[in-house]
Amino acid sequence: MSLDTTAPAHSDLTVRPRASVLATLRDTIAGEVFGPDDAGYDAARIGFSLLGASRPAVITMPANAFDVVEAVRFAIAEDLRVAIMATGHGPGTNSDGALLINTSRLDGVAVNAQQRTARIGAGTTWGPVLAAAAEHGLAPLLGSTTGVGAVGYTLGGGFGWLGRRFGLSADAVRSFELVTAAGDPIHVSATSHPEIFWALRGGGTGSLGVVTEMEIDLFEVSTVYAGNLFYPAEDAPEVLRKFREWAPRQSDELTSSITLMNFPPFDEVPEPMRGRSFVLVRGCWCGDPAAGAAVIDEWRRWKQPAIDMWGEMPFAAVDAVSMDPTDPVPAMVTTESFDDLPDEVVEILTESVYPAPGAPPLLMFGEIRHAGGAIAAAGAEAANGRARGDRFLLEFVAMVGDPHAGLAVESALQVARARLAPYTTGNTYLNFTEGDDRAGRSGQAFSPSAARRLAAVKQNLDPDNRFRHGFELRAPHQNQPEA
Ligand SMILES: Cc1cc2nc3c(=O)[nH]c(=O)nc-3n(C[C@H](O)[C@H](O)[C@H](O)COP(=O)(O)OP(=O)(O)OC[C@H]3O[C@@H](n4cnc5c(N)ncnc54)[C@H](O)[C@@H]3O)c2cc1C
């Protein structure tokens, strides 16, 4: 991954198409087209993840679905690979020299309150969807932050605070509008191209064409009991041990996690947390709020937290639970899955996240989400079913200030994963990966039979592998066992 996201384009090896070639596309579409020397090129290529920005040969920002069709046909004519970006929260592999379709202008949302559905454009983030749904007492299955793109999140599965109750976001999709690698717009649903419909819901990120719109189910959730208990970092082993026996006892109305967190010493961080390390018991209860309070009271009785932020809140304010950053960040992300959290895992996690006395933290946080419930229940049929039966999902996130720190962080993540390896399930939830890690671990996300089906869909839709920057959809070796 390149750390150099701001160097002027003329000082590097960026591929430059001829001006006449760019003019052809500009004349065809209503949206915008940028070559590497155009003002606006950097703004269009750099998204949330500052480490994942590439230097495409051409960037287009379509204004409508027709523009997407024309952009893909242009890529075919010019023999360019095609990469897709909505917000840049989960970049695929480096797309230097490709055509990047930046979907951020396709930002429509239309809620049908009677049918409890929403139609969502490819560039729409969860924020406007949540707000529009909340007006009708409804909610989508968004994740930890409203800043993530609804479509990109859903194509990879989509594990949020209503997950154990209603499943992954991919389970709530009714249909997609897809522009294929042949440049054809098709409607994809359970009855129209059912095999592509199956593949897009959990296996479709960036590899099967450009989704221009999706229609999803909304759910009757308006008030929740949610928040965080903050315990001092030194309590982490004890808190993790309690969490591993407490979380599996709870009903599916609770989706919870435990987060080992080093808060940065920045002014924007509230004083009691600034520059300090905590272990957080966080989650969201979507049933009767009084019953949710009783569930959290068990923790309060067990040990008084340093800060208690659990309470009744509108689901529309759910960003307050994860407190994810909203401005672009240079961060590295990776993941592992577990069925249990034995003492060895507890020890490795605490040692990996919390720095030795006097040393600056390398990792920002390690969060373990409790899965199961509806996530596991819908797993058997799902394209990404392999990791959906796992009980605990770990996400490591590290901030990278400069290239030297980048190497140290990469090494810390590798060491932590190698130490954890004997205790993991070996399955991967791909939304918690990025770049080469995402491509390299695609094989661990799909069972051999699902991988074969996905590879067949890919072969039919995109035999030239024009969309090669997302999930890697390859048939497994002949004799690979299912489990
Ligand atoms: C702060 C943060 C919080 C997160 N929280 C959660 C969470 O709670 N749960 C969870 O499951 N994930 C979470 N994620 C992961 C996130 O869901 C994935 O990274 C997702 O891929 C981001 O989608 P995007 O479109 O916003 O990002 P982008 O980087 O723009 O796109 C991500 C990938 O999706 C593909 N893609 C985007 N749009 C389309 C399209 N229209 N057609 C085809 N492919 C497309 C792109 O090719 C790319 O490979 C989080 C990530 C971050 C950085």
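In this predicted model, the ligand is surrounded by 33 residues. The closest of these are A86, T87, S144, G149 and Y429. Backbone atoms of the protein also approach the ligand. A polar backbone atom of G88 is 2.9 Å from an oxygen atom of the ligand, and a polar backbone atom of P91 is 3.5 Å from a ligand oxygen atom. A nitrogen atom of the ligand, in turn, lies 2.8 Å from a backbone N or O atom of F159.

The nonpolar interior was examined next. The largest nonpolar core comprises 54 residues, and those with the most contacts inside it are W126, F176, L200, M214, F315 and F446. At least three residues of this core come from domain 2 (109-217), and at least three from domain 3 (223-439). Apart from this core lies another, made up of 42 residues, including L229, V239, W285 and L420. The surroundings of F446, one of the residues with the most contacts inside the largest core, can be described in detail. With neighbours within four places in sequence set aside, F446 is in contact with G202, G203, A383, N384, R386, L430, A451, L454, F471 and L473.

Two of these contact partners of F446, A451 and L454, are among the buried residues of helix 15. The other buried residues of this helix are P448, A450, A455, V457, K458 and L461. Together, the buried residues of helix 15 pack against strand 7 (173-179) and helix 7 (194-203). Helix 15 covers residues 448-461, and its 14 residues should span 20 Å at 1.5 Å a residue. The C-alpha atoms at its ends are 20 Å apart, and therefore the expected and computed spans agree.

Helices 8 and 9 each hold a residue whose surroundings were examined. F243 belongs to helix 8 (residues 236-246). The relative accessible area of F243 is 0%, and this residue is therefore buried, as the limit for burial is under 20%. Beyond its neighbours within four places in sequence, F243 is in contact with P248, S256, S257, I258, W299, I368, H370 and F392. One of these partners, S256, is 13 residues from F243 along the chain, and the C-alpha atoms of the two are separated by 9.4 Å.

R300 is located in helix 9 (residues 289-302). Its side chain makes a polar contact with the side chain of Y225, at 3.1 Å. When neighbours within four places in sequence are left aside, the residues in contact with R300 are Y225, L229, Y231, A293, D308 and W310. Among these, L229 is also one of the residues of the 42-residue core.

Backbone geometry was considered last. Most residues other than glycine have a negative phi. D79, although not a glycine, has a positive phi of about 55°. This residue lies in the loop between helix 3 (65-78) and strand 3 (82-85). D79 counts as exposed because its relative accessibility is 62%, and the limit for exposure is over 50%. A positive phi, of about 50°, is also found at M323, which is not a glycine either. M323 is placed in the loop between helix 10 (319-322) and strand 15 (331-338). With a relative accessible area of 29%, M323 is partly exposed.

Definitions and conventions. Residues are numbered from 1 along each chain as its sequence is written. This is a predicted model: local features need pLDDT of at least 70, side-chain atom pairs count only at pLDDT 80 or more; totals for chains, interfaces and linings use all residues. Side-chain values use heavy atoms; hydrogens and water are left out. Helices (H or I, at least four residues) and strands (E, at least two) are DSSP runs, numbered from the N terminus. The expected span of a helix is 1.5 Å times one less than its number of residues. Buried means under 20% relative accessible area, exposed over 50%, partly exposed in between (1.4 Å probe, protein chains only). Contact means heavy atoms within 4.5 Å. A polar contact is a pair of N or O atoms within 3.5 Å; within protein, one must be able to donate a hydrogen and the other to accept it, and residues adjacent in sequence count only if both atoms are side-chain atoms. A nonpolar core is a set of buried Ala, Val, Leu, Ile, Met, Phe, Trp, Tyr and Cys residues joined through side-chain atoms within 4.5 Å. Domain bounds come from an automatic or database domain assignment. A residue is near a molecule or strand if one of its heavy atoms lies within 4 Å of it.
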